[in-house]
Amino acid sequence: MKKIMALVLALVLVLMCGAALAEWPERSIELIVPANPGGDTDANARALAAALNQEFGWDVVVSNMSGGSGAVAFDNLRENPDNGYRYVFYHSGGTIAQLMGLYEYSLTDDFSTVGMPFMDYSSAFLSNSSNEKFNDIESLVAYMKEHPGEVTFATETGNFTHLHALAFQEAAGVEFKIVDAGTAANKITELLGNRLDIIDTQAGLVRDYLTTGEFINLGIMAEERISGNTELKTIKEQGYDVVFPKYFYISGPADLDPAIINAFNEALTKVAANEGLQTYAANALVEVTNKSPEDSVTYIKGQEEIYLGYLADYID
């Protein structure tokens, strides 16, 4: 009799969980973007939100909350988790910030990783075409060796682009004047005004400026040229092994219901085939993909090990 009652109770619990999950989401889901509007993180989040709405009818609201290389957004999620309905949509820069001590927590241990919906291989060193000092990696290195510490490189301190600058300096034996210029939207504005020598952002984000010739791609940080956009030469093919894919992931509160994590991840996998999202991705030079929560965590931790090789001198 006791065994029967235990089985009945277990069945009731399963049915109750299933019923609760079937009702999720009952209201709007918020994706917090730790960047200003106009950058690639914001654009990717909004494209994903639109596709989730089209495919499943979900109301996904994107909120911008920049500051502290992502710390402001992650702190806000911890303080106001609204379990199941608030998430942070961020990228590789969060891992850099964590390693450099800008966070008081681990992104993989103290949050629930839901999935990894985008990969971007178009991170590029860009200059203004009116800059006559260099127009490719070879001329950039030559100029920098003659003028050490003079070429300004825009980054956001403790973020992904900061790592790129350090890696290139090490590979080429040169030294930048590294300037904190904020998020991607800020850096693009500064380069348009020719107030900086080099910015590092996604080629897809500035595709129009590359087409008009206002910006010059000095090199993207990919193993090979992007299929369908072979005009974008890589830094590696120009003699320097500086390769950094940019990954975008979704994090929820630490105690997020595993059933919701799996349901959200399944939706991310299905929405990857959305026609509108695929069109956006082709134009933005990103890949719509997804990893399981477990594989996402494994990938992020693997990248941590790579980053540590460059950041060891900057970590207490």
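**Notebook: cavities, pockets, a helix and a sheet**

I started with the lining of the largest cavity and sorted its residues by class: six are nonpolar, 12 are polar and six are charged. A reminder to myself: this is a predicted model.

How many residues line this largest cavity? I found 24, and those nearest its centre are Asp40, His91, Ala184, Lys187 and Lys246. I then checked which elements give two or more residues to this lining: helix 2 (40-56), strand 3 (86-91), helix 6 (160-172), helix 7 (184-192) and strand 8 (198-202). The space inside comes to about 220 Å³.

**Other cavity**

How many cavities of 30 Å³ or more are there? The count is two. I looked up the second largest, and its volume is about 30 Å³. Its lining is made by Thr95, Leu107, Thr108, Thr113, Tyr249, Ser251 and Ile300. By class I get three nonpolar and four polar residues, with no charged ones.

**Pockets**

On to the pockets. The largest pocket holds about 310 Å³ of space. It has 16 lining residues, and Tyr121, Arg225, Ile226, Ser227 and Glu287 sit closest to its centre. Helix 10 (275-284) and strand 11 (286-288) each give at least two residues to this lining. What is the split by class in the lining of the largest pocket? I noted nine nonpolar, three polar and four charged residues.

The second largest pocket comes to about 160 Å³. I wrote down its lining: Ala203, Arg207, Leu210, Thr211, Asn217, Asn229, Glu231, Leu232 and Leu285. Which element gives the most to this lining? That is helix 8 (residues 207-212), with three residues. The class split for this pocket is four nonpolar, three polar and two charged.

**Helix 7**

I went back to helix 7, since it had turned up in the lining of the largest cavity. Its buried residues are Ala184, Ala185, Lys187, Ile188 and Leu191. Why do I say they line one face? I looked down the axis of helix 7, and its buried residues fall within an arc of 160 degrees, so they do line one face of the helix. The textbook rule helps here: an α-helix has 3.6 residues a turn, so residues three or four places apart point the same way. Ala184 and Lys187 from this buried set are also among the residues nearest the centre of the largest cavity. Just past the helix I checked Asn194, which follows helix 7 and has a positive phi, near 55 degrees.

**The sheet**

Last stop, the open sheet of six strands. Its strand order is 2-1-3-10-4-11, and the pairing is mixed. Which strands stand at the edges? Strand 2 (60-64) and strand 11 do, and each has a single partner strand, so one side of each is left without a neighbour in the sheet. I also noted that neighbouring strands here are turned by 30 degrees against each other on average, ignoring direction. Strand 11 is an old acquaintance by now, as it also helps line the largest pocket.

I zoomed in on one pair. Strand 1 (residues 29-33) and strand 3 run parallel, joined by three bridges. Who stands opposite Leu31? I found Tyr87, in strand 3. Strand 3 was on my list for the largest cavity too, as one of the elements giving two or more residues to its lining.

Technical notes:
Residues are numbered from 1 along each chain as its sequence is written. This is a predicted model: local features need pLDDT of at least 70, side-chain atom pairs count only at pLDDT 80 or more; totals for chains, interfaces and linings use all residues. Side-chain values use heavy atoms; hydrogens and water are left out. On a 1 Å grid over the protein atoms alone, a cavity is a set of points where a 1.4 Å probe fits but cannot get out, and a pocket is an open set with protein on both sides within 12 Å along at least five of seven lines; lining residues have an atom within 4 Å of a point. Grid points are joined across faces, edges and corners, and a volume is the space filled by probe spheres set on the points. Helices (H or I, at least four residues) and strands (E, at least two) are DSSP runs, numbered from the N terminus. Ala, Val, Leu, Ile, Met, Phe, Trp, Tyr, Cys and Pro count as nonpolar, Asp, Glu, Lys and Arg as charged, and the others, Gly among them, as polar. Buried means under 20% relative accessible area, exposed over 50%, partly exposed in between (1.4 Å probe, protein chains only). The arc is that of the directions from the helix axis to the C-beta atoms. Two strands pair if DSSP finds at least two bridges between them. Axes are lines fitted to C-alpha atoms, for helices over the stretch in contact, and angles run from 0 to 180 degrees between N-to-C directions.
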